[in-house]
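Reader: Please show me the model and its sequence, so that we may discuss them residue by residue.

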Amino acid sequence: MGSLLRSLARLALLGLIAWAGLRLCDALMARAPEAGGSALVLGLLLIGYALLLALPFVPGIEIGLALLMMRGAEVAPFVWTATAAGLSLAFLVGRALPAAWIAASLQDLRCDRAAALVLRLEDEPQALRLRFLSQNAPATLRPVLDRGRHLGLALLLNLPGNALIGGGGGIALLAGVSRLFRTWAALTTLALATLPVPLLVWLAGPGILPWTR
């Protein structure tokens, strides 16, 4: 019972933070026209967007798309920066989480084998950890783990409907928790994976987005 209550408390806290963030962003979006699109309102909105995007299962990307449609090319570089920053924050938080905390959370979810694996691999160098996981993974996943994990991460971030598997924040968080990515390589992957849409809007305007037609 105690483990269930702890899991519910974590979910409730996450939901409360997401709710408060979404309400704040809604209020800022409503005030943006009245404020004449002031730099302060836009800056606060982008910060809120980045923080929301870092949360698992929170569809914060819609705020970025709304900004791109409202403000077009002028805001595209800032939306890209906020998107990359939010996902990078999620990755770094996942990377910094202690193995004992991750294992305890998995045990609360009755994932005892996964918890034991986390503790077993915590002190192993990345190369040995990657080799162990590759040897024990299904044959179809081995090439992804060995050579294509960065491309796989980029594809998951751009996968339609990825909110069902944690959204951008959840995917980036798990990438950090996995300890399978070097920090600089992961952050570069996140930056490049989030670039295409803002770059297209910056070069061609918001009319390039298919849902604006």
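**Contacts, core and surface of the chain**

Reader: Leaving aside neighbours within four places in sequence, with which residues is F91 in contact?

Author: This is a predicted model, in which local features need pLDDT of at least 70 and side-chain atom pairs count only at pLDDT 80 or more, whereas totals for chains, interfaces and linings use all residues. Residues are numbered from 1 along each chain as its sequence is written, and side-chain values use heavy atoms, with hydrogens and water left out. Contact means heavy atoms within 4.5 Å. Beyond the four nearest places in sequence, the partners of F91 are A172, L173, A175, G176, F181, T183, A186, L187 and L190.

Reader: Which element gives the most residues to the largest nonpolar core?

Author: A nonpolar core is a set of buried Ala, Val, Leu, Ile, Met, Phe, Trp, Tyr and Cys residues joined through side-chain atoms within 4.5 Å. The largest one has 33 residues, and L67, V79, F91, L153, L157 and F181 have the most contacts inside it. Two or more residues come from each of α2, α3 (61-71), α4, α9 (149-157), α10 (167-178) and α11 (183-193). With seven residues, the element that gives the most to this core is α2.

Reader: How many helices does the chain have?

Author: Helices (H or I, at least four residues) and strands (E, at least two) are DSSP runs, numbered from the N terminus. The chain has zero strands. Its count of helices is twelve.

Reader: Does S88 count as buried or exposed, and why?

Author: S88 is placed in helix α4 (residues 76-96), and beyond four places in sequence it is in contact with L187 and L190. A polar atom of the S88 side chain lies 2.7 Å from the backbone oxygen of A84. Buried means under 20% relative accessible area, exposed over 50% and partly exposed in between (1.4 Å probe, protein chains only). Because its relative accessibility is 14%, S88 counts as buried.

Reader: At what distance does the side chain of T194 reach the backbone oxygen of L190?

Author: T194 is in the loop between α11 and α12 (196-204) and is buried, with a relative accessible area of 12%. Beyond four places in sequence, T194 is in contact with W80, T83, A84 and L87, and its side chain makes a polar contact of 3.3 Å with that of W80. A polar contact is a pair of N or O atoms within 3.5 Å; within protein, one must be able to donate a hydrogen and the other to accept it, and residues adjacent in sequence count only if both atoms are side-chain atoms. From the T194 side chain to the backbone oxygen of L190, the distance is 2.9 Å.

Reader: What accessible area does the nonpolar patch on the surface have?

Author: Patches are made of residues with over 30% relative accessible area and no salt bridge (a side-chain nitrogen of Lys or Arg within 4 Å of a carboxyl oxygen of Asp or Glu); like charges are joined within 9 Å, nonpolar side chains (Val, Leu, Ile, Met, Phe, Trp, Tyr) within 5 Å. One of the patch residues is L89, which lies in helix α4 and is partly exposed at 36% relative accessibility. Four residues of the patch come from α2. By the Shrake-Rupley method with a 1.4 Å probe, where for residues only the protein chains shown count as cover, L40, L44, I47, L51, L89 and V93 together have about 540 Å².
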